[in-house]
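Me: I would like a close look at a single part of this model, explained slowly enough for someone in a first year of study. Please begin with that part and then show how the rest of the chain is arranged around it.

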Amino acid sequence: MIDCIFCKIVAGDIPANKMYEDDEILAFWDISPQAPKHFLVIPKKHIADAVAMANEDIELMGKIIKQGTRLAQEHGIGSDFRVVINNGAGAGQTVFHLHVHFLGGRAMLWPPG
Ligand code: 5GP
Ligand code: ZN
C-alpha cells in the first residue's frame, strides 16, 4: 500500500533493523523502544488493524505470536514480556499496518494506561 511505512519496510524501501523474516511475516526492532527490548512482528501483507483481519488471516496472526515468542527466547528476553496490539488511534495506534509489539527486559505494570 502506498504511503504505508511498514509496507515500505517490507519492500526494503525504508531500512529497518530486521530480526526475522519469511514469506509471510517480518520482525524488526522498534525505532523508539519503550522497554530495553522492544520489537514488532508484522504480516507482510497490508492489514490496517485487527478489525480488518479476514478469517483467512487467523493462522497468520497465530504465526506472528509464535514467532515473536521464539524471538523473545533467542534475544534473551525469556518468558516475561508484554504483547500488545494498539488498535485504533484512540488506543494509541499510529501506524495503520497491523503489528504486534513485544516488550521485555524490564518489569511491566498493569493497568497499562
Ligand atoms: P503503534 O503506535 O501504531 O502501536 O506502534 C507503531 C510503532 O512503530 C511505534 O512503537 C513506533 O516507534 C514504531 N515505528 C514507527 N516508524 C518506524 C520505523 O520507521 N521503523 C521502526 N523500526 N519502527 C517504527
Ligand atoms: Zn502496510
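Me: Which residues coordinate the zinc ion (ligand 2), and through which atoms?

Reply: In this predicted model, the zinc ion (ligand 2) is coordinated by two cysteines and two histidines, namely Cys4 and Cys7 through their SG atoms and His46 and His97 through their ND1 atoms, at 2.0 to 2.3 Å. The angles that these 4 donor atoms subtend around the zinc ion run from 106 to 116 degrees, and because four donors count as tetrahedral when all angles lie between 85 and 135 degrees, the arrangement is tetrahedral.

It helps to see where the donors sit along the chain, and their spacing in sequence can be written as C-x2-C-x38-H-x50-H. Cys7 belongs to helix α1, which covers residues 5–11, whereas His46 is in the loop between β3 and α2, so this pair ties together parts that are 39 residues apart in sequence. The two residues also fall into separate classes of accessibility: Cys7 has 11% relative accessibility and counts as buried because the limit for that class is under 20%, while His46, with a relative accessible area of 27%, is partly exposed.

From the zinc site we can step back to the chain as a whole. The protein has 2 helices and 5 strands, and someone reading along the sequence meets them in the pattern α-β-β-β-α-β-β. The strands form an open sheet of 5 strands, with antiparallel pairing, in the order β1-β2-β3-β5-β4. At the edges are β1, residues 18–21, and β4, residues 81–84, each of which pairs on one side only. Neighbouring strands of this sheet are turned against each other by 15 degrees on average, with direction ignored.

We can now walk across the sheet, starting from β1. This strand and β2 form a hairpin with 3 residues between them, and the two run antiparallel, joined by 3 bridges. One particular pairing here is that of Lys18, whose bridge partner in β2 is Phe28. Strand β2 itself, residues 25–29, is mostly covered, with 4 of its 5 residues buried.

The next step leads from β2 to β3, residues 37–43, and these antiparallel strands are joined by 5 bridges. Two pairings can be picked out to follow in the picture: Leu26 stands opposite Ile42 in β3, and Ala27 stands opposite Val41 in β3.

After β3 the order of the sheet goes to β5, and these two strands pair in the antiparallel sense over 5 bridges. At one place in this pairing, Lys37 stands opposite Gly104 in β5. Strand β5 is mostly covered, since 5 of its 5 residues are buried. Val100, Phe102 and Gly104 point one way from this strand while His101 and Leu103 point the other way, and all of these residues are buried. The walk ends at β4, which is joined to β5 by 4 bridges and runs antiparallel to that strand, and Arg82 stands opposite Leu103 in β5 as part of this pairing.

The second helix, α2, takes in residues 58–74 and lies across β1, β2, β3, β4 and β5, where β5 covers residues 100–104, and the helix runs at about 155 degrees to β3. The loop that holds His46 is the one between β3 and α2, and this brings us back to a donor of the zinc ion (ligand 2).

A look at another loop gives a contrast with the buried Cys7. Pro15 is found in the loop between α1 and β1, and at 74% relative accessibility this proline counts as exposed. Pro15 and Asn55 are 40 residues apart in sequence, and their C-alpha atoms are 31 Å apart in space.

Finally, some values describe the protein as a whole. The C-alpha atoms fill a box of roughly 35 × 30 × 25 Å along the principal axes, and the radius of gyration is 14 Å, which agrees with the value near 13 Å that a compact globule of 113 residues would have. Of the 113 residues, 36% count as buried. Among the contacts between residues at least 6 apart in sequence, 53% join residues at least 24 apart.

How values were computed. Residues numbered from 1 in each chain as written. Chains lettered and ligands numbered in written order. Predicted model: local features only at pLDDT ≥ 70, side-chain atom pairs only at ≥ 80, totals over all residues. Heavy atoms only, no water. Pairing = 2+ DSSP bridges. Axes fitted to C-alpha atoms, helices over the stretch in contact; angles between N-to-C directions. Contact = heavy atoms within 4.5 Å. Donors = N, O, S within 2.8 Å, 3.2 Å for Na, K, Ca; no water. Tetrahedral: all angles 85-135°; square planar, octahedral: opposite > 155°, others 65-115°. Buried < 20%, exposed > 50% of the residue type's maximum accessible area, 1.4 Å probe, protein only. Rg over C-alpha atoms; globule rule 2.2 N^0.38 Å.
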